[in-house]
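Work through the exercises below with the sequence and the structure open beside the page. Each task is followed by a solution in steps.

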Amino acid sequence: MFNPAELNVIGKPIPKVDALPRCTGKLQYADDLTFPEMLFCKIYRSPYAHAFIKKIDLSKAKKIPGVVKILTGEDFSIPFGILPVSQDEYPLSNKEVRYVGEPIAAFAALDEESAYQAAKAISIEFEIVKPSMSIEESLKQGMIHKSAGLEFGDIEKGFLESDDIFENVYFYEGNTHLALEEHAAAAVPDPDGKLTLYSSTQVPHYLHRTLAKTLNLPPSRIRVIASPNGGGFGGKSDVFSHEIVVSKLALLTGKPVKISLTREEIFYLHRGRHPTLMWLKTGVKKDGTISSMHFKSLLDGGAYGSYGVASLYYTGALQTTTYKIENYKFEGARLFTHKAPCGPKRGHGTPQPRFAIEIMLDEVAEKLQIDPAELRKKHLVQSNSITPNYLKVGSMGLGKCIDKVVEGSGWKDKFRKLPYGKGVGLACGSYICGAGLPIYWNPLPHSSVMIKLDRGGGVSVYCGQIDIGQGSNSMLAQVVAEILGVGPSEIKLCCADTDLTPVDLGSYSSRVTLMVGNAAIQAAQKAVDLLKKAVSEKWGISEDKINFKNGKAFNRENPDLSLDFSEAVQLAEAKFGAVCTVGSYTPPKSPGEYKGSGVGPSPAYSYSASVVQVEVDPETGIIQIEKVWIAHDIGKAINPLSVIGQVEGSVYMGLGEALMEEQTFRARYNGVHKAPGMLDYKSLTSKDMPEVETYLIEDPDPNGPYGAKEVGQGPLLPIPPAVANAVYDAIGVRIREIPLHPEKVLFALKNKAPKRSFPSFHAPKVIRVPLPSESPTTSLLSSDLLRSESLRVDSSPSSGLPPSSSGAVSS
Amino acid sequence: MKKSAALKSSAKQIITLNVNGRVYEQALFIHHTLLEVLREDLGLTGTKHGCELGECGACAVLVNGEPVLSCLLLAVDCIGKEITTIEGIADENRLHPLQKAFAELGAAQCGYCTPGILCAAKSLLDKYLRDDSRAVKPLNRERIKEAVSGNICRCTGYLKILEAIELAAERLNLLQNDPSQKILSTVYDKEK
């Protein structure tokens with residue numbers, strides 16, 4: 001549909017269209033907003049990991065000067081949750097609290113200090129109950145939120161056909177997003193009973209739905225505006241208690257109400273990476289062919305559902321998109337514990353299994369005496385193929401990615417050849433470019449874009465998408481600018497406002513570039529078609545001879561014949577009326593028809609490969625990252641500058657997870673967070689960050705806008721296993737868990753590392769699915785009936801028990 | 001509780017602050033931090049907060065040219081001093097070379113840490129602009145890393161930030177990197 005040689009804006013490393021507001025302090029984030037008569041809100045949160053609320057005494061709090069309104073659990077009767085199947089949270093807890101930090105009461109006051117004093121003056125009688133603080137304990141207690149079992153082909157047959165079998169246990173610690181902007185929300189009531197909520201959210205559409213539900217108001221009376229996010233990484237893609245609470249307070253008081261959370265509160269808000277215990281068994285033939293793989297995962301979900309059902313399935317879904325696996329089985333469960341709820345963090349459920357697989361492949365390569373890069377390259381999934389679990393792979397540039405990092409890093413001269421203490425490790429990864437299926441099952445588009453052309457030549461673009469720092473505003477402007485032939489900075493964007501913009505589902509699952517980009521192409525194409533019709537009439541030439549470029553319409557055959565973009569708009573407006581067009585995008589149907597096939601399908605898959613070079617001090621156990629080489633198959637870089645920024649940011653976050661970041665709790669001290677502050681929750685500083693060599697591989701995907709795929713999440717995936725593999729190369733000890741603290745390295749060197757074991761676990765029900773190659777009779781185009789059934793899997797009541805009915809153990 | 005209310009009412013005083021060259025004379029709570037006063041009393045919301053405990057660097061501003069964490073400093077301690085925030089870094093409508101470089105190289109992703117980092121970086125470059133001790137302590141990547149090591153950025157992995165500060169320094173003829181050291185990213189090289 002386009003000629004790469006003719007692109008003027010796409011593929012150019014231009015500054016972001018909104019770079020200047022970000023560099024001048026002019027961009028207004030949620031907490032920067034103030035409104036006349038505004039009240040401030042503070043929330044009182046549970047000090048206990050598990051307790052029943054016996055009595056709440058507000059008498060002292062009510063007497064604090066400046067207090068205007070107090071809400072408790074009694075003020076909310078409707079539960080909420082991001083997934084339709086997990087409507088298990090209340091804005092304020094009424095009876096039971098299941099983690100330290102769970103909201104109990106909200107205080108609106110004339111100023112922040114009075115609200116804080118009032119929250120401190122609350123008096124609550126709790127009945128404290130013993131919490132479950134580990135995967136093992138919750139498994140024993142039967143606190144299973146959701147379990148899943150899927151078998152593709154016949155793994156036992158596969159193991160019989162293999163020459164070698166590898167089996168190990170891996171553990172990936174939980175960690176949190178730590179977006180620098182603390183969550184904030186401001187609710188503004190209108191005199192006519194309508195409400196506007198400004199919030200630092202990645203998902204304005206889901207927030208809109210949830211507010212309508214929990215406030216029991218028609219959605220048409222609620223307007224959600226997502227403020228620019230000061231970083232998200234998945235941490236703002238849930239709907240949170242404080243957003244509902246300030247909305248209710250605004251409606252009740254008739255005044256604007258704002259809340260700005262503290263850093264400590266955000267550690268308890270969490271929704272970050274699930275701590276995941278994994279067991280992996282792989283059967284390989286002599287040449288490294290993976291004849292069988294059996295993977296089990298147990299996820300520490302924390303206290304509530306959040307995205308957990310999807311997180312669980314994601315730990316089992318993307319194993320198959322990198323290397324050919326002949327038979328594959330996944331069994332897993334997400335457990336409730338009495339900790340801050342886990343959810344989606346950059347890579348959502350896939351960094352954990354990727355860590356296990358990429359380390360195991362390193363072990364396989366060593367045993368078979370094949371170079372790890374060669375082993376991977378020999379067994380790559382082919383482009384335009386279907387995986388055993390029915391994921392449709394389009395473009396697949398992993399082979400090129402591996403070649404690039406092998407060549408760039410000097411792998412062949414380094415691997416197993418560096419002196420003791422120094423080492424290199426290689427790992428790969430793959431990620432979705434948007435979830436193929438929506439959270440709410442319906443036939444509506446996942447993304448829409450509206451364009452309005454002004455007589456003066458102005459281009460206004462309306463879309464529900466929200467820029468969280470990843471550069472999606474620029475992507476949208478660049479796509480529209482390319483087609484209309486104007487400069488990207490000429491375009492006015494109106495985004496993430498449920499009153500003004502058509503729905504986009506949100507900035508999560510790496511979906512924005514692909515879905516918004518495609519919707520934008522459609523809308524812009526319709527607009528330029530109207531302009532071409534009008535201009536062709538004026539010039540008396542056919543439409544295909546007209547080209548829009550540099551703010552002008554040209555006759556391709558006679559470039560001297562041109563007119564201004566604004567004149568073209570006026571011609572079109574005179575002929576057709578106001579020039580307003582729309583575009584929408586719905587992902588293609590997935591071929592999978594089995595129960596549970598809803599997680600994993602995507603219009604396209606991105607690929608990454610990385611080599612990490614480390615130096616490990618055997619005396620201190622400290623790991624220094626010397627350099628990272630990473631290649632990412634982006635399909636087509638719409639803006640290489642932004643894409644490289646995303647790759648470097650992913651590498652940074654992956655290194656943090658590999659080396660130091662951990663969200664852990666003190667089981668014996670009421671279940672409080674071990675490090676709820678930025679000093680104790682360690683992350684890399686400018687002095688820790690190594691040099692990164694980034695290679696972009698452009699293997700255009702037919703489903704991507706201009707062939708583009710995702711970059712926000714995928715490049716994180718290879719980093720933790722590449723670090724672990726490099727440590728093995730450096731000092732010869734295999735550490736199968738992260739973060740790789742110096743202590744762990746030292747224990748491992750002394751052969752004293754505590755051995756992790758995997759509890760006895762079998763999914764209660766395993767669905768056997770024939771391999772795509774074995775089911776020629778099954779149409780790959782699912783009928784709507786089958787499709788809706790497969791989607792409903794997540795809406796069926798979960799087999800497990802909610803924590804209240806099973807986790808209560810009197811102390 | 002009554003005590004705090006009493007403290008509040010008695011603690012407001014008329015205070016004069018010099019922020020970005022403008023003199024503000026305002027009734028302020030004497031126990032409020034510079035961060036609170038800038039954002040809430042003076043409406044200068046360009047200065048951000050990420051922890052309010054001195055851990056993240058988002059609230060960095062310049063006091064007499066030195067980067068300070070405005071969340072750990074009382075506004076009353078800044079009386080008689082020159083305060084510079086992100087709003088005062090550009091020269092009227094002309095961007096500071098740092099701001100220009102940050103925009104060009106994509107050093108601001110979400111932009112939330114950017115004001116604090118720009119302040120820290122400006123202080124560093126200003127010292128080299130003023131100072132003749134450059135030969136003793138050359139301005140190089142290590143010095144730049146050190147200067148912004150108190151500022152947490154969760155988006156960029158710092159590399160584009162370091163490159164942007166180097167680009168600005170280069171344009172101000174301040175950079176003294178070891179020529180053997182690779183300075184700028186491939187993207188910038190391509191653009192050149």
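**Exercise 1. Describe the sheet of chain B in this predicted model: strand order, edges and packing.**

Solution. Step 1: the five strands form an open sheet in the order 2-1-5-3-4, and their pairing is mixed. Step 2: find the strands that pair on one side only; these edge strands are strand 2 (22-29) and strand 4 (66-69) of chain B. Step 3: ignoring direction, neighbouring strands are turned by 45° against each other on average. Step 4: helix 4 of chain B packs on the sheet, where it touches strand 3 (60-63) and strand 4 of chain B. The direction of helix 4 makes about 35° with that of strand 3 of chain B.

**Exercise 2. State how strand 1 and strand 2 of chain B are joined.**

Solution. Step 1: recall that strands of a sheet pair through backbone hydrogen bonds, either parallel or antiparallel. Step 2: strand 1 (residues 12-19) and strand 2 of chain B run antiparallel and are joined by eight bridges. Step 3: for one position, look at B:Asn18, which stands opposite B:Val23 in strand 2 of chain B.

**Exercise 3. Place these strands in the whole of chain B.**

Solution. Step 1: chain B has seven helices and five strands. Step 2: read from the N terminus, its elements run α-β-β-α-β-β-β-α-α-α-α-α. Step 3: chain B has 192 residues, of which 51% count as buried. Step 4: take the contacts in chain B between residues at least 6 apart in sequence; 60% of them join residues at least 24 apart.

**Exercise 4. Which helices of chain B supply at least two residues of the side that touches chain A?**

Solution. Step 1: the contact involves 45 residues of chain B and 50 residues of chain A. Step 2: the helices of chain B that each supply at least two residues are helix 1 (2-10), helix 3 (97-105), helix 4 (114-130), helix 5 (141-147), helix 6 (159-171) and helix 7 (186-191). Step 3: helix 3 of chain B gives the most, with four residues. Step 4: by class, this side of chain B has 22 nonpolar, 13 polar and 10 charged residues.

**Exercise 5. Is helix 7 of chain A mostly covered or mostly uncovered?**

Solution. Step 1: helix 7 (residues 241-253) of chain A has 13 residues and reaches 18 Å from its first C-alpha to its last, close to the 18 Å expected. Step 2: 10 of the 13 residues are buried, and the helix is mostly covered. Among the buried residues are A:Ser241, A:Ile244 and A:Leu249. Step 3: after helix 7 of chain A comes A:Gly254, with a positive phi near 75°.

**Exercise 6. Why is A:Leu217 classed as partly exposed?**

Solution. Step 1: A:Leu217 lies in the loop between helix 6 (204-215) and strand 11 (222-226) of chain A. Step 2: A:Leu217 has 16 other C-beta atoms within 10 Å, so it is partly exposed; the class lies between 12 or fewer for exposed and 20 or more for buried. Step 3: leaving out residues up to four places away in sequence, A:Leu217 touches A:Ala212 and A:Ile222.

**Exercise 7. How many residues does each domain give to the contact between domain 2 and domain 3 of chain A?**

Solution. Step 1: the centres of these two domains, taken over C-alpha atoms, are separated by 38 Å. Step 2: domain 2 of chain A gives 22 residues and domain 3 of chain A gives 17 residues.

Terms used
Residues are numbered from 1 along each chain as its sequence is written. Chains are lettered from A and ligands numbered from 1 in the order in which they are written. This is a predicted model: local features need pLDDT of at least 70, side-chain atom pairs count only at pLDDT 80 or more; totals for chains, interfaces and linings use all residues. Two residues are in contact if their C-beta atoms, placed from the backbone, lie within 7 Å. Ala, Val, Leu, Ile, Met, Phe, Trp, Tyr, Cys and Pro count as nonpolar, Asp, Glu, Lys and Arg as charged, and the others, Gly among them, as polar. The expected span of a helix is 1.5 Å times one less than its number of residues. Two strands pair if DSSP finds at least two bridges between them. Axes are lines fitted to C-alpha atoms, for helices over the stretch in contact, and angles run from 0 to 180 degrees between N-to-C directions. Domain bounds come from an automatic or database domain assignment.
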